[in-house]
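Hi,

Here is the structure I promised you. Have a look at it first, then read on for what turned up.

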Amino acid sequence: MIAQGGLCAFPTETVFGLGADATDPGAVSRIFEMKGRPADNPLIVHIASVKDWSLAAQELTESASKLLDAFAPGPITVVVPRSPDLCEAVSAGLETVALRIPSCEIARSVLQQAGIPVAAPSANRSGRPSGTTWESVLEDLDGRIDAVLCQNSGEHGLESTVVDCTGKNPVLLRPGAVSLDDLRKVIPSATVHSQVPTSVAGRSPGLKHPHYQPSAQVILIQFSEVAGVQLAVPQATGHSAQLPTQLPTQLTNVAYCGLQPHSSHESLAMHRQFRDVKEYAREFYEFLRSADRCKVDTILCQYPGPEGIGSALQDRLQRAAGHK
Ligand code: TXA
Ligand code: MG
């Protein structure tokens with residue numbers, strides 16, 4: 001289907017991708033249209049194996065090649081000079097391409113059989129939480145795409161680590177399951193996007209658009225605040241006498257997720273305590289979506305520590321909360 005110009009969503013070890021032939025301008029423009037994606041936000045191009053890199057890239061820089069040796073196939077994306085065979089819209093006018101080799105067996109077999117470079121952004125309407133189940137993909141895109149492979153994967157649950165490998169030192173543009181520490185074990189000079197001059201901000205146009213936002217308002221809370229009972233209006237107004245009548249209605253429309261249990265457990269519309277930060281990351285987007293399905297107004301999310309995939313989760317939480 002993809003080789004014939006169609007749009008097919010498939011699972012990967014991160015989130016579902018919405019795949020199309022990266023050399024077919026019609027198919028690529030349908031991706032932007034069906035997602036409602038701004039045209040200045042380039043797409044990641046997926047290939048089955050590192051040795052096929054020339055399908056999408058003009059050159060594998062030294063740092064890209066080192067990072068792919070260490071982490072591919074897997075949740076890493078390297079930005080390198082693009083091949084002229086790709087259609088221009090894939091790169092949104094940049095001279096580079098974001099290249100990824102997923103480890104998920106289903107994704108690999110799709111890519112192998114297609115035999116072409118496959119542009120695949122996350123399979124969600126632009127701005128919404130990424131889809132980590134096929135049901136969520138259909139929730140956003142049913143009627144707009146040709147097919148979805150109905151098999152869930154999503155070992156990591158958050159999108160791949162994106163690293164700009166075009167300059168002297170690799171620059172982490174989007175955190176993911178491969179952490180900055182992991183990158184530095186391979187290339188010690190690797191740096192993060194926020195630590196470099198703003199001139200490189202233009203290198204990852206996706207960073208400026210709103211992302212991962214459910215309809216409900218997301219509020220981030222720190223570890224120490226999780227135990228606090230008066231998380232809604234009563235405390236702020238100081239009318240503690242009204243607590244018994246106000247609290248239940250205030251909390252009826254509140255969801256909570258985090259690593260600690262919330263002490264207002266009983267009054268919350270939804271309460272989810274994750275076993276560890278890996279499970280938090282893996283199920284975060286689905287929790288946001290299920291909270292929207294239950295029509296909650298507010299989602300309280302505990303802010304995790306930066307260990308492991310924690311820093312990627314911190315990034316997605318901040319975006320889901322609109323940086324507020
Ligand atoms: O895990 C993932 O990476 C998933 C799965 C499907 O592979 N894909 C994904 O794609 O998250 P998307 O389109 O949702 O995010 C792509 C990110 C955006 O932030 C975009 O700006 C950035 O990669 N990007 C794409 N091409 C780029 C380029 N040439 N230079 C810099 N950033 C680029
Ligand atoms: Mg996305």
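Strands β12 (residues 254-258) and β14 (residues 298-302) run parallel and are joined by 4 bridges. For one place to zoom in, pick V254: its bridge partner in β14 is T298. Before you go further, keep in mind that this is a predicted model.

If pairing is new to you: strands of a sheet pair through backbone hydrogen bonds, and they can do so parallel or antiparallel.

Now zoom out a bit. β12 and β14 belong to an open sheet of 4 strands, and the order across it is β11-β14-β12-β13, with parallel pairing. Which strands sit at the edges? They are β11 (217-221) and β13 (270-273), and each of them pairs on one side only. From one strand to the next, the twist averages 15 degrees.

Helix α8 (residues 277-293) lies across this sheet, over β11, β12, β13 and β14, and runs at about 175 degrees to β13. The helix also has a helical partner: the axes of α8 and α9 (residues 310-320) come within 9 Å and cross at roughly 25 degrees. Angles under 35 degrees count as roughly parallel, so that makes α8 roughly parallel to α9. Their crossing is left-handed.

Which residues make that contact? On the α8 side you'll find V277, Y280, A281, F284, Y285 and L288, while α9 brings G310, L313, R316, L317 and A320. Sorted by class, the contact between α8 and α9 has 9 nonpolar, 1 polar and 1 charged residues. Try colouring them by class on your screen.

There is another sheet to look at. This one is open too, with 10 strands in the order β7-β1-β2-β6-β3-β5-β4-β8-β9-β10, and its pairing is mixed. Why is one side of β7 (147-148) and of β10 (191-192) left without a neighbour in the sheet? Both stand at the edges and each has a single partner strand, so there is nothing in the sheet on the other side.

For an antiparallel pair, go to β3 (residues 44-46) and β6 (residues 118-119), which are paired over 2 bridges. There, V45 of the pair stands opposite A119 in β6. A helix packs on this sheet as well: α2 (residues 62-71) touches β4 (76-81) and β8 (161-164), and its direction makes about 160 degrees with that of β4.

Happy browsing, and shout if you get lost!

Methods. Residues numbered from 1 in each chain as written. Chains lettered and ligands numbered in written order. Predicted model: local features only at pLDDT ≥ 70, side-chain atom pairs only at ≥ 80, totals over all residues. Heavy atoms only, no water. Pairing = 2+ DSSP bridges. Axes fitted to C-alpha atoms, helices over the stretch in contact; angles between N-to-C directions. Contact = heavy atoms within 4.5 Å. Parallel < 35°, antiparallel > 145°, perpendicular 65-115°, else oblique. Left-handed = near helix turned anticlockwise from the far one by under 90°. Nonpolar A, V, L, I, M, F, W, Y, C, P; charged D, E, K, R; others polar.
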